[in-house]
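User: I am new to this structure and would be grateful for a careful introduction to it. Please begin with the chain as a whole and then examine one part closely.
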Amino acid sequence: MIKDLLPNVVKVSYKSVTRYANAYGGASANLGPTVKVWMGERNGVFVFNKEYYMRLALDLARTGMGYTSPNPCVGSVIVKNGVVIGSGAHLRAGLAHAEVSALNMAGDNAAGATLYVTLEPCNHHGKTPPCTDDIIKSKIAKVIIATLDPNPLVCGKGVKALEDAGIMVEIGLLKKEADALNQIFFHYIVSKTPFVTLKCGMSLDAKLATKNHISKWITNSNSRLDAHYYRHTHDAILVGVNTILADNPSLTYRGDLKSTKSLIRIILDTNLKTPTDANVVTDKSNPTWIVVGSNVTKEQIAKYPNAKIIQMKDKHIDLKQLMLTLGELQITSILVEGGYTILTSFLEQSLFNQIVVYIAPLLIGGKSAPGLFMGEGFATLNDALKLKYEHMQMIDDNLKLVLTKEQNAQDFDDKEEV
């Protein structure tokens, strides 16, 4: 029997094997080093290795995206004799952590097993007790961790607690994937400022609207639906007051995913020109924060009882100072959907982590038509913003691009490992 020869073989139904294999090119496809499929009979056989189990944990962690802020997304599986006996994900801040959920599923059978987890287990008291305590009590034999937690309360301390208890610890399996999964959390923990995503729809010649400022709609309906996913995964959405004056948007999430948190609407409005009957002020569906300059009076502010007013120390809004202020208010991520003035301000100051653009096969032209990056521009190519392609996708006839600053890819490569 194959199972007698290979201890990490688990039998699953023929239907399950076929469904999985078809997703990767058919039942005869080569699935690479992680998973191999033997289809010699009606019951398929998977040969699993450590990478497979960690990928399973990463898939579990992704179910928490958009729900766990300000906490990270974490997934965990427990394996014993080649069988998954427990699995879990962190689903929302304040609820059980992934490792604890997996241990609860495994029960007493966890003794002597291997626990896979996408992020270093915590060793401190927060809204929940330390995960390391439960792992040690369960008599887990080995813990395999994808990446360390950069949180100073955790980094390395969780590993040390496990090793001091005699548990074998392995670090770094699928680290790159685990780091990417929690890029928002990692950035916020390290910098104390929000992770900033700039999002826009534009023509092939990078125009956001026509010379008459008509932009509805440059991109197709499926691209606009896809863009709403970013409202789900970010804490806040940010626009300038000109967007409010021109479109009177609601700035809410209208996708298919159920959300357990309210998307905070941030309006940059130096002189507080937002109409008191604007949707973002009157609908009360989501919190609205209006950022104003120091020249705005208390009498003006009193007209907005339904909004939180953040008043800057200067007459003008300093974006770098604003990011620090929002970080102090526990805003871990911001989706910037403003017009060209707002986008250009963030780009000129390099105050972003990623750019998401949807490009339609249109040529709008015109010197006065607003574009993605206006302003005076950079004088030399050495000064130009250097980006890295992270993702490319066709959405019907639109091209979606996700780009990051080149240095972003190295932000966490130098995290100390223990």
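How much area does the protein chain expose, and what percentage of it do carbon and sulfur atoms supply? After that, please take a close look at the open sheet formed by 9 strands.

Analyst: This is a predicted model, in which local features need pLDDT of at least 70 and side-chain atom pairs count only at pLDDT 80 or more, while totals for chains, interfaces and linings use all residues. Residues are numbered from 1 along each chain as its sequence is written, and side-chain values use heavy atoms, with hydrogens and water left out.

The protein chain exposes about 20900 Å², of which carbon and sulfur atoms supply 52%; accessible areas come from the Shrake-Rupley method with a 1.4 Å probe, and for residues only the protein chains shown count as cover. Of its 418 residues, 47% count as buried, that is, under 20% relative accessible area, with exposed meaning over 50% and partly exposed lying in between (1.4 Å probe, protein chains only). The chain has 14 helices and 17 strands, taken as DSSP runs numbered from the N terminus (helices H or I, at least four residues; strands E, at least two).

The sheet itself is open, and its 9 strands follow the order 13-12-11-10-14-9-15-17-16 with mixed pairing; two strands pair if DSSP finds at least two bridges between them. At its edges stand strand 13 (308–311) and strand 16 (387–395), each pairing on one side only. Neighbouring strands are turned by 20° against each other on average, direction ignored. Axes here are lines fitted to C-alpha atoms, for helices over the stretch in contact, and angles run from 0 to 180 degrees between N-to-C directions.

Within the sheet, strand 11 (residues 264–268) and strand 12 (residues 288–292) run parallel and are joined by 4 bridges. Ile267 stands opposite Ile290 of strand 12. A side-chain arrangement can be added: Lys308 lies over the face of Trp289, 5.6 Å from the ring centre. Such a charge counts if NZ of Lys or CZ of Arg is within 6 Å of the ring centre and within 35 degrees of the ring normal.

Two helices accompany these strands. Helix 13 (residues 319–328) lies across strand 9 (195–203), strand 11, strand 12, strand 13 and strand 14 (333–336), at about 155° to strand 11. Helix 14 (residues 340–348) packs on the sheet and touches strand 9, strand 10 (236–240), strand 11, strand 14 and strand 15 (354–360), where contact means heavy atoms within 4.5 Å. The direction of helix 14 makes about 130° with that of strand 9.
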